[in-house]
Each structure stands twice: as structure tokens, then as C-alpha cells.
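Here are my notes on this model, set out as numbered points. Please read them with the structure open.

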Amino acid sequence: PLLARINTADAKRQELIKGKLDLNNSDVREFRKLRGFYPSLASKIIQNAPYNKVEDVLDIPGLSASQAERLQANLNEFVVTELNASMNAGGDRYNPGLY
């Protein structure tokens, strides 16, 4: 039988909890599903990664009051997994192969 080939980025995606955004590995465009996150707040989240736990996102320096409230209200939308080089190398979280 043929073995399915999978790259490390696809393997990481399969590991993630379905429907949640990984604060350490999701790309900027994935944050569009949350109102008021794309692109500014999503960029701040990415620039301040990695995170050890979801609540660490509340400690991003320079958050406005409304951004902090938005993060607090959406903590259940996030998950934190180990930082994966295949998801973060070369600025891929900002431009995930979309040209």
C-alpha cells in the first residue's frame, strides 16, 4: 500500500484542536474569523509569540483597552501548542504562501 506523505506543517495542523487558533502557529489570515483581530491585533499576537499558555496573550505590551477586552472575551477561541519551525520560518505567519 502507498504511504500517505505529509509535511511537518500539515502534521502540525492535524495536531491542533479543531476550530481553535494556535497562538504560536496560526497565520495572520486565520485570525479573520474573529471580529476586530485582523490585521492589527493578529499581528501583535504573532509578533509577541511564543506563548506558554493562552492567558499569556493578555500580557502583550502596548495593548489598547479595547484590544485587551477583545482578547479576554475570546480566550476560549485559542490554544497554545509548541512553536513549530515549519509554521514560523521565513515570515510564513504573515504571508502563508499566498502570492
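What share of the contacts in the protein chain with a separation of 6 or more comes from residues 24 or more positions apart?

1. Long-range contacts. The answer is 60%. Keep in mind that this is a predicted model. Residues 24 or more positions apart supply that share, counted among contacts with a separation of 6 or more.

2. Layout. The protein chain holds 4 helices and 2 strands. Along the sequence they run α-β-α-α-β-α. The chain has 99 residues, and 34% of them count as buried. Its accessible surface is about 6,400 Å². Carbon and sulfur atoms account for 51% of that surface.

3. The nonpolar core. The largest nonpolar core has 18 residues. Which of them touch the most other members? They are Leu23, Phe31, Phe37, Ile45, Val57, Leu71 and Phe78. The largest share of this core comes from α2, with 4 residues.

4. Valine 57. This residue is one of those core members with the most partners. Leave out residues up to four places away in sequence, and valine 57 touches Leu23, Ile45, Tyr51, Leu63, Leu71 and Leu75. Among these, Leu23, Ile45 and Leu71 also appear in the list of core residues that touch the most other members.

5. Helix α2 and its partner. α2 spans residues 40–47. Its buried residues are Leu41, Ala42, Ser43, Ile45 and Ile46. They pack against α3, which covers residues 65–73. Two packed helices are described by the angle between their axes and the distance between the axes. Here the axes come within 11 Å and cross at roughly 75°. An angle of 65 to 115 degrees counts as roughly perpendicular, and α2 and α3 are therefore roughly perpendicular to each other. On the α2 side, Leu41, Lys44 and Ile45 make the contact. On the α3 side, Gln67, Arg70 and Leu71 do so. Ile45 and Leu71 are also among the core residues that touch the most other members.

6. Asparagine 25. Is this residue buried or exposed? Asparagine 25 is buried because its relative accessible area is 1%, and buried means under 20%. The residue sits in the loop between β1 (21–22) and α2. Its side chain has polar partners. A polar atom of that side chain lies 2.9 Å from the backbone nitrogen of asparagine 84. The side chain of asparagine 25 also makes a polar contact with the side chain of asparagine 88, at 3.2 Å.

7. Asparagine 84. This partner of asparagine 25 lies in the loop between β2 and α4 (85–88). Asparagine 84 has a relative accessible area of 19% and is buried. That value needs care, as the cut-off for buried is under 20%. The C-alpha atoms of asparagine 84 and proline 50 are separated by 10.0 Å. The two residues are 34 residues apart along the chain.

8. Asparagine 74. Where does this residue sit? It is in the loop between α3 and β2 (78–79). Asparagine 74 counts as buried, at 16% relative accessibility. A polar atom of its side chain lies 2.7 Å from the backbone oxygen of arginine 70. Arginine 70 is also one of the α3 residues in the contact with α2. Setting aside residues up to four places away in sequence, asparagine 74 touches Leu34 and Phe37. Phe37 is listed among the core residues that touch the most other members.

9. Cis peptide bonds. Most peptide bonds are trans. Please check two that are cis here. The bond from tyrosine 38 to proline 39 is cis, with omega near 0°. Proline 39 lies in the loop between β1 and α2. A cis peptide bond also joins alanine 49 and proline 50, with omega about 10°.

10. Proline 50. This proline is in the loop between α2 and α3. Proline 50 is exposed because its relative accessible area is 52%, and exposed means over 50%. Leaving aside neighbours within four places in sequence, proline 50 is in contact with Asn24 and Leu83. Its C-alpha is 8.3 Å from that of glutamate 82. Proline 50 and glutamate 82 are 32 residues apart in sequence.

How values were computed
Residues numbered from 1 in each chain as written. Predicted model: local features only at pLDDT ≥ 70, side-chain atom pairs only at ≥ 80, totals over all residues. Heavy atoms only, no water. Buried < 20%, exposed > 50% of the residue type's maximum accessible area, 1.4 Å probe, protein only. Polar contact = N/O pair within 3.5 Å; in protein donor to acceptor, adjacent residues only side chain to side chain. Core = buried A, V, L, I, M, F, W, Y, C linked by side-chain atoms within 4.5 Å. Contact = heavy atoms within 4.5 Å. Areas by Shrake-Rupley, 256 points an atom, 1.4 Å probe, with all protein chains shown as cover. Axes fitted to C-alpha atoms, helices over the stretch in contact; angles between N-to-C directions. Parallel < 35°, antiparallel > 145°, perpendicular 65-115°, else oblique.
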